[in-house]
2 protein chains.
Amino acid sequence: MEYRKVKDQESYDDLSLKDVESLSGRSLSSANATGLSSAGGAKGKSSWKLKSVVTLALTLLTSSQAILIVWSKRAGKYEYSVITANFSVEALKCLLSLAALFRTWNHHGVTDDNRLTTSFDEVSVYPIPAILYMVKNLLQYYIFAYVDAPAYQILKNLNIISTGVLYRIILKKKLSEIQWAAFILLCAGCTTAQLNPSSDHVLQTPIQGWMMAIVMALLSGFAGVYTEAIIKKRPSRNINVQNFWLYIFGVIFNLVAICVQDYDAVMTKGFFHGYSFITVLMIVNHALSGIAVSMVMKYADNIVKVYSTSVAMLLTAVVSVFLFNFHLSLAFFLGSTVVSVSVYLHSVGKLQPQK
Amino acid sequence: MEYRKVKDQESYDDLSLKDVESLSGRSLSSANATGLSSAGGAKGKSSWKLKSVVTLALTLLTSSQAILIVWSKRAGKYEYSVITANFSVEALKCLLSLAALFRTWNHHGVTDDNRLTTSFDEVSVYPIPAILYMVKNLLQYYIFAYVDAPAYQILKNLNIISTGVLYRIILKKKLSEIQWAAFILLCAGCTTAQLNPSSDHVLQTPIQGWMMAIVMALLSGFAGVYTEAIIKKRPSRNINVQNFWLYIFGVIFNLVAICVQDYDAVMTKGFFHGYSFITVLMIVNHALSGIAVSMVMKYADNIVKVYSTSVAMLLTAVVSVFLFNFHLSLAFFLGSTVVSVSVYLHSVGKLQPQK
């Protein structure tokens, strides 16, 4: 059941990946007009290629994430402080965004679109998704009073449905009927792939557990959709500036968390206590994944992100067979088949005249 | 695990239902031209309605079949001879077909289409599917050397794929891309719905077991597709005449089986020994199901039959919750969701321009 442990760790990834995806843009509905096609000037031509590259990058980075987390542990325990690692991820993302910005400034000079300085109006909503994720992660401690960890993994697939529904309601973007069917299949397929003999526990989840799982799925879906709306609200704005403002709140939030939770340990043992080469690799991977998520939000959308991370979940399991002797179940094969058909239908569905 | 027992019994149903579906028509490809639309004259108008009614009838009859089989047993054993019950089903189907024919003759007189007498050319291929099913049922005894009963239930879902492939190859009818995707989902969904903690045994099936399972699926699929080809080869021929010739071979084959296997028991205890009211109900249900299968073959096709019996499998499980305290698993819900989406996609797929 090593794989389940891998999945368990993803709840902390969710935080590190996304509590940084804060965003800007007061009028959400105005973001509708600014889709991928209007993503500005010269980039417009190569948008399909860009979309494919960032999606592939997100898939590969996410699928290696869980594996690195397992490797970074010794005997099932973290030897390093998870919060300092989160902080390092956020800080690295800020640095990478700034480095990319410096290159842009050197080549093209400072313009309205790529200057780092910003208005309060633009930056004020960037911390909101971070706050949403914080509330979700607080709830996470309470939901375990009602459901066990394997059941929680199953319930987390509600995120797929909530993202689809909120994407439709908030961004007012339409999916074709076939794409909706594909999205239901994606949720069913991912859940099937994760089935194990104890999964039926989830059916005994009390009503409080269901309510909390649904609220958490909505918070997570809302944060994702909100990030997309705010990034797309200013399509011509340089993505690295947007990323910097997204990530800087992650740095601040994690600094507060270190002071509250890990101050003594950091002071006595040192900030980078217990870090190994794998820990550093993991931090680099997380930072790049985080940037890939932002890129997917700007050049594609939340639906692409959900497909990308779902396929990554399956890839992780397949790679785990070789690395950790993980046993692939019949349920995994069936779930993977359903997810594959879902990916196919999502792309075929686009071609339908009704879209 | 009462439900699994119910499913186990369906292998014998397959025999009683289908080894009677023998058929006629030397040139299979010529059957292509004679689809539902050409099913002749006055019936053409109401063909859609007829198709819906026979499909619904097949679904309801099949779903109550497994339940009646469980009821007809006492303490998990049959108190009656299964072979005499099969014979009774075949005989009843013949009688019902003849009764329907007498009514037609009284109303419309004897015509070329509804006369019972036939040419050797027409009737000569009717026993072929019966022989195919016999070979399949012989193989069934040998496959258990390589796979256990629950694994066999899982492998039986290969029938869905083999029917789709042979339907395409032999009848040369096209399914749209979305309908193919739906068909793969139907197979994956049905298998998912049947998953239980011991299902993973199927992955340890040796190569001989897989080969036999595939051969059995091909035999079963071929018999079904062959029946459809032969029934549709003469679209204007009265269905009750076709049924009579299909079923009479079932009567003969089962009479031989009684003589070979159950002669002593029948002679000492009597033909109807151990029959109860439920046994009689079960026989009536099987006879009507068999007729419904023929009707679906004539007015719809094998694809509709596969969807119909798959949905019936799910309905059986739901009804079993109330009747036998059968426990529905999470896998069942996920599988049912996938099957439902598959049914939806199959009907939406028809509307696509490429079809």
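Two residues are in contact here when heavy atoms lie within 4.5 Å. By that criterion, 29 residues of chain A touch 29 residues of chain B in this model, which is a predicted one.

**Interface between chain A and chain B**

The size of an interface is often given as the accessible area lost when the parts come together. Chain A and chain B bury about 2,300 Å² between them, and carbon and sulfur atoms account for 79% of this area. On the side of chain A, the trio L203(A), L330(A) and L334(A) supplies 21% of the area buried against chain B, more than any other three residues.

With regard to polar interactions, the rule finds zero salt bridges across the interface of chain A and chain B. Four residue pairs across this interface are in polar contact, both residues being at pLDDT 80 or more.

Two helices of chain A, α8 (177–193) and α13 (330–350), each supply at least two residues of the side that touches chain B. The largest share comes from α13(A), with ten residues. By residue class, the side of chain A that touches chain B divides into 20 nonpolar, seven polar and two charged residues.

**Relation of the two copies**

Two copies of a chain are related by a rotation about an axis and a shift along it. Here, a turn of 180° with a shift of 0.0 Å along the axis lays chain A on chain B with an RMSD of 0.0 Å. The two copies are therefore related as by a two-fold rotation axis. P197(A) is the residue of chain A that comes closest to the rotation axis, its C-alpha being at 2.6 Å. Both copies use the same surface, since 100% of the contact residues of chain A recur in chain B.

**Positive phi values in chain B**

Two residues of chain B merit a separate note on backbone geometry. K172(B) has a positive phi although it is not a glycine, and N325(B) likewise has a positive phi without being a glycine. The loop that holds K172(B) runs between α7 (158–170) and α8 (177–193) of chain B, whereas N325(B) is found in the loop between α12 (302–324) and α13 (330–350) of chain B.

| Residue | Phi | Relative accessible area |
|---|---|---|
| K172(B) | about 55° | 51% |
| N325(B) | about 55° | 70% |

Exposed means over 50% relative accessible area. K172(B), at 51%, therefore counts as exposed, and N325(B), at 70%, is exposed as well.

Note on methods. Residues are numbered from 1 along each chain as its sequence is written. Chains are lettered from A and ligands numbered from 1 in the order in which they are written. This is a predicted model: local features need pLDDT of at least 70, side-chain atom pairs count only at pLDDT 80 or more; totals for chains, interfaces and linings use all residues. Side-chain values use heavy atoms; hydrogens and water are left out. Buried area is the accessible area (1.4 Å probe) that two parts lose on being put together, summed over both. A salt bridge is a side-chain nitrogen of Lys or Arg within 4 Å of a carboxyl oxygen of Asp or Glu. A polar contact is a pair of N or O atoms within 3.5 Å; within protein, one must be able to donate a hydrogen and the other to accept it, and residues adjacent in sequence count only if both atoms are side-chain atoms. Helices (H or I, at least four residues) and strands (E, at least two) are DSSP runs, numbered from the N terminus. Ala, Val, Leu, Ile, Met, Phe, Trp, Tyr, Cys and Pro count as nonpolar, Asp, Glu, Lys and Arg as charged, and the others, Gly among them, as polar. Copies are superposed by least squares on the C-alpha atoms of residues with pLDDT of at least 70 in both. Buried means under 20% relative accessible area, exposed over 50%, partly exposed in between (1.4 Å probe, protein chains only).
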